[in-house]
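User: Please take a close look at any cavities enclosed in this structure. I am a first-year student, so explain the terms as you go.

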Amino acid sequence: MASVALSEAEKVYIVHGVQVAVAAASAGHIAQGGGAGRPRGQDGRPRLSAAASEDLRVDGRGCEDYRCVEVETDVVSNTSGSARVKLGHTDILVGVKAEMGTPKLEKPNEGYLEFFVDCSANATPEFEGRGGDDLGTEIANTLYRIFNNKSSVDLRSLCISPREHCWVLYVDVLLLECGGNLFDAISIAVKAALFNTRIPRVRVLEDEEGAKDIELSDDPYDCIRLSVENVPCIVTLCKIGCRHVVDATLQEEACSLASLLVSVTSKGVVTCMRKVGKGSLDPESIFEMMESSKRVGKVLHVSLQSLLHKEESLGPKRPRVGFLG
């Protein structure tokens, strides 16, 4: 994963900023809770800590706040579906290509997804040569784990003819720029690209001798759309000091010894969880991080779905944004 070198003073500053956030929020909660001994100002009203106006993190966000997310779909013309996501300084491009293949022996009635992650050398100097191969493999394996169940994507809808033909969705992920929180940005981009994916409708014709012939529809609007309602998004929580934060920047990731990747559906169901980093997490912290991921994940899904439907309603004449427009 891309990293950044920080001095000890910078690390102390970031960790202290998170601790101040917790202290300010706790003080505000106590002051609002009532009690005879609570401190009051000169006007008699409770003296509340204005946590919202404090710089809770170095960039002013709260511990469970995301940076601004930009999502654009249908950005690559020669794919079945595509999306580009910018999360802070993290820039991700995902393309989905639907091709015919043969179902796997253990799942003869289903299609399947294949993931490939390319870490561009322009994203960070660490990816020059084969520097990004290990990270690409790690991200691809994480995506396989997330989608290795029947609830994420209806794989049966990708089957054309049992044991003979099916649709294989090749999901290519390109890291254009790394600015922290790669896994969350990639999961958002993959869900947006799958939402944008259109698979040609297929008819299986059988002659008198029993030979089967596959006919693809010529109508570009006669296609199959995938339901992405149950496709999860990853919420990464980084442990900094005694508190955890979401959507960490590169500087915050440098101060974190352990992170928890939680795959959450739109209904707040945790489908996968993975710890990264050399540090340890106690059971109480893991429970708190899981509860935070459920809260944040539900809000993330609602915002993403709203944005995708709004963009689709604009039609093909919508304005293009960025260098891919």
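**The cavities and their linings**

Analyst: Let's start with the largest cavity, whose lining is made up of six nonpolar residues, two polar ones and one charged one. Here Ala, Val, Leu, Ile, Met, Phe, Trp, Tyr, Cys and Pro count as nonpolar, Asp, Glu, Lys and Arg as charged, and the others, Gly among them, as polar. This is a predicted model, where local features need pLDDT of at least 70 and side-chain atom pairs pLDDT 80 or more, while totals for chains, interfaces and linings use all residues. Residues are numbered from 1 along each chain as its sequence is written, and side-chain values use heavy atoms, without hydrogens and water.

The whole structure holds two cavities of 30 Å³ or more (sets of points on a 1 Å grid over the protein atoms alone where a 1.4 Å probe fits but cannot get out; lining residues have an atom within 4 Å of a point). The largest has a volume of about 40 Å³ (space filled by probe spheres on points joined across faces, edges and corners). Around this cavity you will find Thr 142, Ile 146, Ile 234, Leu 261, Val 262, Ser 263, Cys 272, Met 273 and Arg 274. Helix H2 (133-147), strand E13 (258-264) and strand E14 (270-276) each give at least two of these residues (DSSP runs numbered from the N terminus: helices H or I, at least four residues; strands E, at least two).

The second largest cavity encloses about 30 Å³. Its lining consists of Leu 143, Ile 146, Phe 147, Ser 187, Val 190 and Pro 232: five nonpolar, one polar and no charged residues. H2 and helix H3 (182-196) each provide at least two, and H2 has the largest share, with three. Look for Ile 146, which lines the largest cavity and also the second largest.

Conventions. 1 Å grid on protein atoms, 1.4 Å probe; cavity = no way out; pocket = protein on both sides within 12 Å on 5 of 7 lines; lining within 4 Å.
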